[in-house]
Amino acid sequence: MPVYSISHVENVRVCVVMVGLPARGKSLISQKIVRYLSWLSINSKCFNVGNYRRELLKDDIPIDANFFHPDNIDGLKYRQQAIDGAIEDMMRWFSDENGVVGILDATNSTRERREMILKLCRENYIEPMFLESWCDDDELILQNILDVKTTSPDYITKPNEFAMNDFLTRIKNYEKSYETMDSTLDSDLTFIKLVNVNSQIILNRIESYLESRIVYYVMNLHIKPRCIWLSRHGESEFNLTGQIGGDANLSERGWRYAKKLPELVVKSLGEEHKHTNLTVWTSTLKRTQQTASFLPYKKKLQWKALDELDAGECDGMTYEEIEQTFPEDFKARDDNKYEYRYRGGESYRDIVIRLEPIIMELERQENILIITHQAVLRCLYAYFMNVPQEESPWMSIPLHTLIKLEPRAYSTLVTRIKADIPAVSTYKEKGTSQLGEAESPLL
């Protein structure tokens, strides 16, 4: 069995079996867990049964609420084929691709279905862990329906009124046979039960280290709609000279960006939300605090964990100087930028480790604006967009650009607003010590 990279304490594979009625945030939670574990270099993958059902049916059979009625024989047949296909692919992924955490994203609403999955997992030496999202908060359910109907492939082409009514009927059809996880009836199972997201959390038989990590992450989640804004600091004096690291002040153009940033944030919020109160996070370095200094929001927090990658002995040097002074290091970093650690400094992997508390706090919060540094933003962006770690150090995150992220059930929406203020490029292409990029778009 494979060993996941953040701990060699145990060899264990886990199948997280989602449980819950539609519009309970299961897909959003599933995607978040995969993003989090993948970001920590744990081989994880989500198998969404709805996608298998859509692939199976193509456009041959119309999908509406009646398809999910417990008396619909054809519907039951196709839904069984979809779950079988998802489980078969997941088991193949565990064995052929050294999978560590597989997530089976479906309603899994009956004990009979859950028993079948439990038996199969145990026969294959995979630990089953059930994760139920149980909810009777009508406002929260309505919010989830609004999200699902605008992002789910089942409804994106349908009129709003039809989507809403059909989805409510679909939920009623599932309720006819739904059996919730129960501490008495399911006392021998490993499960997490989230009641109204995180109003109450019931844990049962959480035994392995990896299961504990998943529990800790899930306990910090909320699935209410929110936005996260990311920005690098304004152009700094070190940016002008091509030096890395340091604690330089903003350049003249960097100060112009700082003064422009409040306007960009209001533009991104939109007229109806322009009075939304954001919390601003910066690093402890001057250039991020100076960039935040004109923002009107009262709550501004400094995080040491948001400081730029520590370049160690190379701090304050240009890439040309590093290439001349440490040619072997320069090449080693280009060859494996994610793992390479500067002499006396850090690697991108080190940043991910120190950012984990930031991620936990981010998941607990609602609307946050983060002003930080190029390497740190690459790691944060990779988390939200599920970018493979080996690609993250090569992403282009230009200066004087505000990035808005909106986490949704099936994807994260990205909006970018560029300030009309020039800035140097600090992007270094692979194999060169020169700064500037040809055609390297922001991923």
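Reader: Why are H13 and H14 described as oblique to each other?

Author: Any two packed helices are described by the angle between their axes and by the distance between those axes. In this predicted model, helix H13 (residues 348-364) and helix H14 (residues 374-385) pack at an angle of about 60 degrees, and their axes are 10 Å apart. H13 and H14 are therefore oblique to each other, given that angles under 35 degrees count as roughly parallel, over 145 as roughly antiparallel, 65 to 115 as roughly perpendicular and the rest as oblique. The axes are lines fitted to C-alpha atoms over the stretch in contact, with angles running from 0 to 180 degrees between N-to-C directions; the helices (H or I, at least four residues) and strands (E, at least two) are DSSP runs, numbered from the N terminus.

Reader: What conventions should I keep in mind while reading the residue numbers and the contacts?

Author: Residues are numbered from 1 along each chain as its sequence is written, and side-chain values use heavy atoms, with hydrogens and water left out. As the model is predicted, local features need pLDDT of at least 70 and side-chain atom pairs count only at pLDDT 80 or more, whereas totals for chains, interfaces and linings use all residues.

Reader: Is the crossing of H13 and H14 left-handed or right-handed, and which residues meet there?

Author: The crossing of H13 and H14 is right-handed, a crossing being left-handed if the near helix is turned anticlockwise from the far one by less than a right angle, and right-handed if clockwise. On the H13 side, Tyr348, Ile351, Val352, Arg354, Leu355, Ile358, Ile359, Leu362 and Glu363 take part, and they meet Ala375, Val376, Arg378, Cys379, Leu380, Tyr383 and Phe384 of H14, where contact means heavy atoms within 4.5 Å. By class, this contact has 13 nonpolar, no polar and 3 charged residues (Ala, Val, Leu, Ile, Met, Phe, Trp, Tyr, Cys and Pro count as nonpolar, Asp, Glu, Lys and Arg as charged, and the others, Gly among them, as polar).

Reader: Which residues does Arg354 contact, leaving aside its neighbours within four places in sequence?

Author: Arg354 lies in helix H13, and beyond those neighbours Arg354 is in contact with Lys304, Ala305, Leu306, Asp307, Glu308, Leu309, Asp310, Glu346 and Val376. Asp182, by comparison, is 172 residues from Arg354 in sequence and 37 Å from Arg354 in space, C-alpha to C-alpha.

Reader: At what angle do H2 and H3 pack, and what is the handedness of their crossing?

Author: H2 and H3 pack at an angle of about 120 degrees, with their axes 8 Å apart; H2 and H3 are therefore oblique to each other, and H2 passes H3 in a right-handed crossing. Val49, Tyr52, Arg53, Leu56 and Leu57 of H2 make the contact with Tyr78, Gln81, Ala82, Ile83, Gly85, Ala86 and Asp89 of H3, and the residues of this contact divide into 8 nonpolar, 2 polar and 2 charged.

Reader: Turning to empty space, how many cavities are counted, and what volume has the largest cavity?

Author: Rolling a probe the size of a water molecule over the atoms shows where empty space is left. Here the count comes to 2 cavities of 30 Å³ or more, and the largest cavity has a volume of about 380 Å³. On a 1 Å grid over the protein atoms alone, a cavity is a set of points where a 1.4 Å probe fits but cannot get out, a pocket is an open set with protein on both sides within 12 Å along at least five of seven lines, and lining residues have an atom within 4 Å of a point. The largest cavity is lined by 27 residues, of which Ile244, Gly245, Glu308, Tyr319 and Gln374 lie nearest its centre. H14 provides the largest share of that lining, 3 residues, and by class the lining has 11 nonpolar, 9 polar and 7 charged residues.

Reader: Which residues line the second largest cavity?

Author: Tyr319, Ile322, Asp329, Phe330, Arg333, Asp334, Tyr340, Tyr342 and Lys428 line the second largest cavity, in which about 50 Å³ of space lies. H12 gives the most to this lining, with 4 residues.

Reader: How much space lies in the largest pocket, and which residues lie nearest its centre?

Author: About 860 Å³ of space lies in the largest pocket, a volume being the space filled by probe spheres set on grid points joined across faces, edges and corners. Of the 39 residues lining the largest pocket, Phe68, Ala106, Thr107, Asn108 and Tyr174 lie nearest its centre.
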